[in-house]
Amino acid sequence: MSVADKIIAKCGGVARTAEIVGVRKNWIYRWRLPRERGGTGGEIPRTAQLKIMEAARQGLVAISPDDFFPNKAKSEGGTN
């Protein structure tokens with residue numbers, strides 16, 4: 001499951017994510033497509049990340065910055 005899939009699910013689906021970001025649903029679907037097919041390869045564009053984080057600050061979605069960078073959070077969260 002890609003980062004985009006996880007964020008879309010946490011936002012409540014494609015339609016709700018599109019509403020939060022302020023774009024059409026087909027733009028959200030492109031996040032799931034591989035780059036060679038015109039998508040983002042599972043990554044979420046920075047502008048969309050900012051809008052989703054603003055929705056999180058407003059309490060509209062339960063998402064943290066770590067949700068956008070799961071591998072980084074795991075590597076930095078090792079045991080002491």
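**Exercise 1. The nonpolar core**

Which residues of the largest nonpolar core touch the most other members?

Solution. Begin with the model itself, which is a predicted one. The largest nonpolar core holds 19 residues, and those that touch the most other members are Trp31, Ile44, Ile52 and Ile63. Next, look at where the core comes from: α1, α2 and α4 are the elements that give two or more residues to this core, and α4 gives the most, with 5 residues. Finally, take Ile44 and leave aside residues up to four places away in sequence; the residues that Ile44 touches are then Val3, Ala4, Ile7, Trp31, Gln49, Ile52 and Phe68.

**Exercise 2. The fold and its confidence**

Describe the secondary structure of the protein, and find where the confidence is lowest and where it is highest.

Solution. The secondary structure comes to 5 helices and 0 strands, and from the N terminus on the order of elements reads α-α-α-α-α. As for confidence, the mean pLDDT of the protein is 90, with 89% of the residues at 70 or more. Confidence is highest in helix α2 (residues 14–21), with a mean of 98, whereas α5 has the lowest, with a mean of 59.

**Exercise 3. The aromatic pair**

Determine how the rings of Trp27 and Trp31 are arranged, and how far each residue is covered.

Solution. Two quantities are needed, since a pair of aromatic rings is described by the distance of the centres and the angle of the planes. The count in this structure comes to 1 aromatic pair. In it, the ring centres of Trp27 and Trp31 lie 5.6 Å apart and the planes stand at 70°, so the pair is edge-to-face, given that planes over 60 degrees apart are classed in that way. The accessible areas are then read residue by residue: Trp27 has a relative accessible area of 25% and is partly exposed, while Trp31, at 0%, is buried, and Trp31 is also one of the core residues that touch the most other members.

**Exercise 4. Salt bridges**

Work through three salt bridges, namely those of Asp67 with Lys10, Glu43 with Arg35 and Arg57 with Glu54, and say what each pair joins or how exposed its residues are.

Solution. A search of the whole structure finds 5 salt bridges, these among them.

- In the salt bridge of Asp67 with Lys10, the closest N and O atoms are 3.2 Å apart. Because Asp67 lies in the loop between α4 (46–57) and α5 (70–76) and Lys10 in helix α1 (residues 3–11), the pair ties together parts that are 57 residues apart in sequence. Lys10 has 42% relative accessibility and counts as partly exposed.
- For Glu43 and Arg35, the closest N and O atoms are 3.0 Å apart. Glu43 is partly exposed at 48% relative accessibility, whereas Arg35, with a relative accessible area of 51%, is exposed; the cut-off for exposed is over 50%.
- Arg57 and Glu54 meet through their side chains at 3.2 Å, N to O. Both belong to helix α4, where they are 3 residues apart, and so about one helical turn separates them. Arg57 is exposed at 58%, and Glu54 is partly exposed at 33%.

**Exercise 5. The protein as a whole**

State what share of the residues is buried and how much surface the protein exposes.

Solution. Of the 80 residues, 31% count as buried. The protein exposes about 5300 Å², and carbon and sulfur atoms supply 51% of that area. Lastly, among contacts between residues at least 6 apart in sequence, 38% join residues at least 24 apart.

Note on methods
Residues numbered from 1 in each chain as written. Heavy atoms only, no water. Salt bridge = Lys/Arg side-chain N within 4 Å of Asp/Glu carboxyl O. Helix = DSSP H or I, 4+ residues; strand = E, 2+ residues; numbered from the N terminus. Buried < 20%, exposed > 50% of the residue type's maximum accessible area, 1.4 Å probe, protein only. pLDDT = per-residue confidence, 0-100. Phe/Tyr/Trp six-rings, centres within 6.5 Å; stacked < 30°, edge-to-face > 60°. Core = buried A, V, L, I, M, F, W, Y, C linked by side-chain atoms within 4.5 Å. Contact = heavy atoms within 4.5 Å. Areas by Shrake-Rupley, 256 points an atom, 1.4 Å probe, with all protein chains shown as cover.
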